[in-house]
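This briefing introduces a protein structure to a reader who has not met it before. Please look over the sequence and the structure, and then read the points that follow.

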Amino acid sequence: MLPTTLANSGSQGNGVLSPRDAARHTAGAKRYKYLRRLFHFRQMDFEFALWQMLYLFTSPQRVYRNFHYRKQTKDQWARDDPAFLVLLSIWLCVSTVGFGFVLDMGFFETIKLLLWVVFIDCVGVGLLIATLMWFISNKYLVKQQNRDYDVEWGYAFDVHLNAFYPLLVILHFIQLFFINYVIISDSVIGYFVGNTLWLIAIGYYIYVTFLGYSALPFLKNTAILLYPFALLIMLYLISLACGWNFTKMLCSFYKYRVK
């Protein structure tokens, strides 16, 4: 059985947290602790973060089971260890440099691309999506009988990072081996392979996002998060019929941005 929002260990006789313990459980205190650990690499569990990255591909449900354990032991759903974010940032930098190499960009162009991908594609879009999902889930998906519960913004951002990682690997790593020799060509097989990789990557993002919110026992109707699949498949079929090459469009956009 999941614990309530109040921690029993620091509660007073009437079951209410003492002022000192309550201060430790505020969003600001959790955020400060998380950011402080970014500068203490020895305190990060990189082995466990690598385990999470592996299982996000093979069994993402196991990753979210760990979020349940964290809620039971530390009374918070969001990660308190920034190791996953650090490894994701490293992977993002390496894959973006590879992307710049495949697109035959110079050193400064690659740096510009790296800054764009990190601060716009990952962080900027991530903050926007996490905030939007945090608002929607708290506004429309929380069960009426559990109004004392709410979705932590940090958890919404963690869900985005979890879903973004497989998308990053598919589009910024696996796709690199096919861009110059297959995808960029004007042949049917080119945009079929490229658009199929986009379908898999975005489909995985939607699925992992759905798993993240369906793992919260106080949310309802989380199946609606799977509805974008219908639009995604429709757009995929239209792109094949019209000969749109999403990867080619992305490469042209990246080259335009770094000029």
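The expected span of a helix is 1.5 Å times one less than its number of residues. This rule is applied below to several helices of the structure, which is a predicted model. The protein has 11 helices and zero strands, and buried residues make up 44% of its 259 residues.

**Overall architecture**

- Read along the sequence, the pattern of the protein is α-α-α-α-α-α-α-α-α-α-α.
- Among the contacts with a separation of 6 or more, 73% join residues that are 24 or more positions apart.

**Helix α11**

- Helix α11 covers residues 246-257, and its 12 residues should span 16 Å at 1.5 Å a residue; the end C-alpha atoms are 16 Å apart, so the expectation and the model agree.
- The buried residues of α11 are Phe246, Thr247, Leu250, Cys251 and Tyr254.
- These buried residues lie on the same side of α11, because they cover an arc of only 135° around the axis.
- An α-helix has 3.6 residues a turn, so residues three or four places apart point the same way.
- The cover over the buried residues of α11 includes α5, α6 (107-141), α7 (153-174), α8 (176-183), α9 (188-214) and α10 (228-242).
- At the N-terminal end, α11 is capped by Asn245, which has a side-chain oxygen 3.3 Å from the backbone nitrogen of Thr247.

**Helix α5 and the loop after it**

- The 20 residues of α5 should span 28 Å at 1.5 Å a residue, and the end C-alpha atoms are 29 Å apart, which agrees.
- The buried residues of α5 include Ala83, Phe84, Val86, Leu87, Leu88, Leu92 and Phe99.
- Elements that cover the buried residues of α5 include α3, α6, α7, α8 and α11.
- Just after α5, Asp104 takes a positive phi of about 60°.
- Asp104 belongs to the loop between α5 and α6, and it counts as exposed because its relative accessibility is 69%, above the 50% cut-off.

**Helix α4 and the loop after it**

- For the 15 residues of α4, a span of 21 Å is expected at 1.5 Å a residue, and the end C-alpha atoms are indeed 21 Å apart.
- The buried residues of α4 are Pro60, Val63, Tyr64, Asn66, Phe67, His68, Arg70 and Lys71.
- These buried residues of α4 pack against α3, α7 and α9.
- Just after α4, Asp75 takes a positive phi of about 60°.
- Arg79 lies in the loop between α4 (60-74) and α5 (83-102).
- Arg79 counts as buried because its relative accessibility is 5%, under the 20% cut-off.
- The side chain of Arg79 makes a polar contact of 3.4 Å with the side chain of Gln52, and another of 2.5 Å with the side chain of Asn162.

**The largest nonpolar core**

- The largest nonpolar core has 65 residues, and those with the most contacts inside it are Phe99 and Tyr155.
- Two or more residues of this core come from each of α3 (46-58), α4, α5, α6, α7, α8, α9 and α11.
- With 13 residues, α7 gives the most to this core.
- Leaving aside its neighbours within four places in sequence, Tyr155 is in contact with Tyr64, Phe67, Trp77, Ala78, Gly212, Tyr213, Ala215 and Leu216.

**The loop between α9 and α10**

- Asn221 is found in the loop between α9 and α10.
- Phi of Asn221 is near 55°, a positive value in a residue other than glycine.
- Asn221 counts as exposed because its relative accessibility is 53%.

**Spans listed in UniProt**

- An unreviewed UniProt entry lists residues 83-102, 114-136, 163-184, 196-219 and 225-247 under "transmembrane region".
- In the model, residues 163-184 are 91% helix and 0% strand, with end C-alpha atoms 26 Å apart.
- Residues 225-247 are 74% helix and 0% strand, and the end C-alpha atoms of this span lie 25 Å apart.

Conventions
Residues numbered from 1 in each chain as written. Predicted model: local features only at pLDDT ≥ 70, side-chain atom pairs only at ≥ 80, totals over all residues. Heavy atoms only, no water. Helix = DSSP H or I, 4+ residues; strand = E, 2+ residues; numbered from the N terminus. Buried < 20%, exposed > 50% of the residue type's maximum accessible area, 1.4 Å probe, protein only. Polar contact = N/O pair within 3.5 Å; in protein donor to acceptor, adjacent residues only side chain to side chain. Arc of directions from axis to C-beta. Contact = heavy atoms within 4.5 Å. Core = buried A, V, L, I, M, F, W, Y, C linked by side-chain atoms within 4.5 Å. UniProt positions renumbered as here; feature names shortened; annotations may be inferred.
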